[in-house]
Amino acid sequence: ALIIAVATDPLFRGRGYASACVYELTRKLLSENKIPCLHYDNVEAGYIYKKIGFDKIDEWNMIFID
């Protein structure tokens with residue numbers, strides 16, 4: 001199960017909303033025997049995901065051609 005584009009309105013950041021949502025979504029996916037996978041490019045998001053229990057296993061690279 002791919003989790004992408006987790007965001008919090010700037011007025012509500014720092015209250016744990018994103019962490020709570022990702023945690024509960026992850027718990028539900030695991031209870032359904034699905035493997036949650038995250039993709040992110042934000043260092044702060046990485047800290048949140050690590051606290052939840054995710055481990056970094058690799059990186060993605062993209063190329064844009066005009």
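This report describes helix α2, the aromatic residues around it, residue T26 and the largest pocket in a predicted model.

## Helix α2 and its two sides

Helix α2 spans residues 43–52, and A45, G46 and Y49 are buried within it. These three residues cover an arc of only 105° around the axis, which puts them on the same side of α2. An α-helix has 3.6 residues a turn, so residues three or four places apart point the same way. On the other side of α2 the picture is reversed, for V43, E44, Y47, K50 and K51 are exposed there. The buried residues of α2 pack against two other elements, namely helix α1, which covers residues 17–31, and strand β2, which covers residues 37–38.

## The ends of α2

The N-terminal end of α2 is capped by N42, whose side chain places an oxygen 2.7 Å from the backbone nitrogen of E44. Beyond the other end, G53 follows just after α2 and takes a positive phi of about 130°.

## Aromatic residues

The structure holds two aromatic pairs. In one of them, the rings of Y49 and F54 have their centres 6.3 Å apart and their planes at 70°, and because planes over 60 degrees apart count as edge-to-face, this pair falls into that class. Both partners, Y49 and F54, are buried. Together with Y40, these two residues form one aromatic cluster, and Y49 also belongs to the buried residues of α2.

## T26 in helix α1

T26 lies in helix α1. With a relative accessible area of 9%, T26 counts as buried, because that class takes in residues under 20%. When its neighbours within four places in sequence are left aside, T26 is in contact with I3, P36 and F54. F54 therefore links the two descriptions, as a contact of T26 and as the edge-to-face partner of Y49.

## The largest pocket

The largest pocket has a volume of about 1300 Å³, and its lining is made up of 38 residues. Those that lie nearest the centre of this pocket are Y40, N42, A45, G46 and Y49. Several of these residues have appeared above: N42 as the cap of α2, A45, G46 and Y49 as the buried residues of that helix, and Y40 as a member of the aromatic cluster.

Among the secondary-structure elements, α1, β2 and α2 each supply at least two residues of the lining of the largest pocket. Helix α2 gives the most to this lining, with eight residues.

Technical notes: Residues numbered from 1 in each chain as written. Predicted model: local features only at pLDDT ≥ 70, side-chain atom pairs only at ≥ 80, totals over all residues. Heavy atoms only, no water. Phe/Tyr/Trp six-rings, centres within 6.5 Å; stacked < 30°, edge-to-face > 60°. Buried < 20%, exposed > 50% of the residue type's maximum accessible area, 1.4 Å probe, protein only. Helix = DSSP H or I, 4+ residues; strand = E, 2+ residues; numbered from the N terminus. Arc of directions from axis to C-beta. Contact = heavy atoms within 4.5 Å. Polar contact = N/O pair within 3.5 Å; in protein donor to acceptor, adjacent residues only side chain to side chain. 1 Å grid on protein atoms, 1.4 Å probe; cavity = no way out; pocket = protein on both sides within 12 Å on 5 of 7 lines; lining within 4 Å. Points joined across faces, edges and corners; volume = space filled by probe spheres on them.
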